Amino acid sequence: MTRDITMGKKDSASRIRWFTFAAPSRFYSLTGALIPWLWGAAIVLTLWGLYVGFFIAPTDAQQGESYRIIFIHVPAAWMSMVIYLAMAFWAAAGWAFNARMGAMLAHALAPTGALFTFIALWTGAFWGKPAWGTWWVWDARLTSELILLFLYIGYIALTEAIDDVRRSDKAGALLAIVGAVNIPIIYFSVKWWNTLHQGATISATAAPKMASTMLTAMLLMTFAFWAYAFAVVFMRARAIVLERESHADWVRQLTAGKEQYS
Amino acid sequence: MRNLFLALYLRDIKLAMRRRIEALLPVVFFVVAVSLFPLGVGPEHDTLRLIAPGVVWVCALLAAMLSVTNLYAGDYADGSLEQMLLSGQSAVVIAAAKSAGHWTLTGLPLVIAAPLFGLLFDMNRESITALTLSLVLGTPILSLLGSVGSALTLGLRSAGVLIILLVLPLSIPALIFGTGAVGAVEGGQSAAGHYSILGALLIFTALTAPPATSAALRISVE
């Protein structure tokens, strides 16, 4: 125990920059300052992106107006995948370096990731009805997105089922890593199983096959979703910090102050 | 290392042989569950032939998941699991031996029972062979993945349902290529590619699942 403390002191002296915001108290105060800005950015970017997408972007030659759901669908699908990787990364970091904040961030990311996965599936169904004439098609991308939702639900269910916080963090980290390793395998087997979807609309290598205003709207919505995700994940993480660190002095002072004012 | 593997493996077989009826329950579940499908779908041979590989594979998956719940629970309850982990022996070997034992006790009987269902579902000989071969390669994957889920959910209230939720998404590739092998044979093609991919999945799972299980056991027992 004493050895841990001295090692901690040495560490903090030599590489304080790295772990500054790994301390829950600093994370709490930093994100508290950031959250209003993130919410502001999310609202402004959403309004801007939706305006460009719904009123400025041209009507699609083949799909008419119904394609406009792409401005919500595609960013949500991107977010669903990015958040899973971020969740696995923070869970693994929390496990490997025994950093409490990493595990708390992973916990905070999971519901938002599941929400974006659900939105991607839901808007996909709304888009599929006019485009393909059916709510659901068992093709590679829809099916993998559905499986991604199952992976999120599995992570949330496992971490919620374990009462002991340390075990819950580590077990969730292991599950998230196993899931992240398996996602490519699942994706390619499902893709092999059936490919019926239209080709990818945007890829990093090829030039986008869409009007520039459409791309602008999609990017605006993506940034809006990023801002929303950061804001809501920070809020959830702050709540988890308060819950888990309720024994710490700074939380006691904080809550004591609240009680005085109320 | 080899002795440890063999000792644990034979111990699990011996323990199961002392409770024979209990050891047979997964196969009984498999038989009953598969038999329900003709009653639900209707007895037309064309339909049955079409759904047979999927039905047999999904029921094998569920039978494996239901039986894997107790893979570590007994050893955990009487403290022997803790002793094994404290013994200084490799937890990876322990996990591999337990998975191998699970496959021998539930996977192998399913493989043996599968041709019978091929006949009941009016499949031809080539398809039955493909189904059985795909199960030979696929059921060890289920035991290995199930072992990770079982170790993660050790001692939890809702372990049974949780394992199914955690492991089924991961076992989708095995399901796809297992049933795909039968589909290829029925379509008049060679199933060699499917067997190769199933074999590759088996090797990958055999190399990664025991370390993951050993980490999960240490997390759960700690």
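This text walks through a predicted model of two chains, A and B, from overall confidence down to single residues.

In this predicted model, local features need pLDDT of at least 70 and side-chain atom pairs count only at pLDDT 80 or more, while totals for chains, interfaces and linings use all residues. Residues are numbered from 1 along each chain as its sequence is written, and chains are lettered from A and ligands numbered from 1 in the order in which they are written.

Start with confidence. The model scores ipTM 0.87 and pTM 0.85. pLDDT is the predictor's confidence in each residue, from 0 to 100. Chain B has a mean pLDDT of 90, and 100% of its residues reach 70 or more. For chain A the mean is 81, and 83% of residues reach 70 or more. Within chain A, helix 1 (residues 2–14) has the lowest mean pLDDT of the elements, 45, and helix 4 the highest, 91. Over residues 1–13 of chain A the pLDDT is below 50, and this stretch has zero contacts beyond near neighbours in sequence. Two residues are in contact if their C-beta atoms, placed from the backbone, lie within 7 Å. Residues 195–207 of chain A also stay under 50, but there the model has 10 contacts beyond four places in sequence. In chain B, the elements run from a lowest mean of 88, in helix 4 (residues 73–77), to a highest of 93, in helix 7.

Now the fold of chain A. Its secondary structure comes to nine helices and zero strands. Helices (H or I, at least four residues) and strands (E, at least two) are DSSP runs, numbered from the N terminus. Of the contacts in chain A with a separation of 6 or more, 76% join residues 24 or more positions apart. Buried residues make up 36% of its 262 residues. A residue is buried if 20 or more other C-beta atoms lie within 10 Å of its own, exposed if 12 or fewer, and partly exposed in between, with C-beta atoms placed from the backbone.

Helix 3 of chain A (residues 24–56) is a good place to look next. It bends by about 35° at Leu34(A), and a proline, Pro36(A), follows within four residues. The bend at a residue is the angle between axes fitted to the seven residues ending there and the seven starting there. The buried residues of helix 3 of chain A include Phe27(A), Leu38(A), Leu45(A) and Val52(A). Its buried residues pack against helix 4 (70–96), helix 5 (100–132) and helix 8 of chain A. The loop between helix 4 and helix 5 of chain A holds Asn98(A). This residue has a positive phi of about 55° although it is not a glycine. Asn98(A) is partly exposed, with 13 other C-beta atoms within 10 Å.

Chain B offers a parallel stop. Asp122(B) lies in the loop between helix 6 (91–120) and helix 7 of chain B. It has a positive phi of about 60° although it is not a glycine. Asp122(B) is partly exposed, with 15 other C-beta atoms within 10 Å.

Helix 7 of chain B (residues 125–152) follows. Its 28 residues should span 40 Å at 1.5 Å a residue, and its end C-alpha atoms are 40 Å apart, which agrees. The expected span is 1.5 Å times one less than the number of residues. Helix 7 of chain B bends by about 30° at Val136(B), with Pro140(B) following within four residues. Because 23 of its 28 residues are buried, helix 7 of chain B is largely enclosed by the rest of the structure.

Next, the meeting of the chains. 21 residues of chain A are in contact with 19 residues of chain B. On the chain A side, helix 6 (140–161) and helix 7 (165–193) are the elements that give two or more residues. Helix 7 of chain A gives the largest share, 12 residues. That side divides into 16 nonpolar, three polar and two charged residues. Here Ala, Val, Leu, Ile, Met, Phe, Trp, Tyr, Cys and Pro count as nonpolar, Asp, Glu, Lys and Arg as charged, and the others, Gly among them, as polar.

Leu162(B) shows the contact up close. It is found in helix 8 (residues 159–167) of chain B. Leu162(B) is buried, with 22 other C-beta atoms within 10 Å. Among the residues that it touches are Ala157(A), Leu158(A) and Ala161(A), along with Thr153(B).
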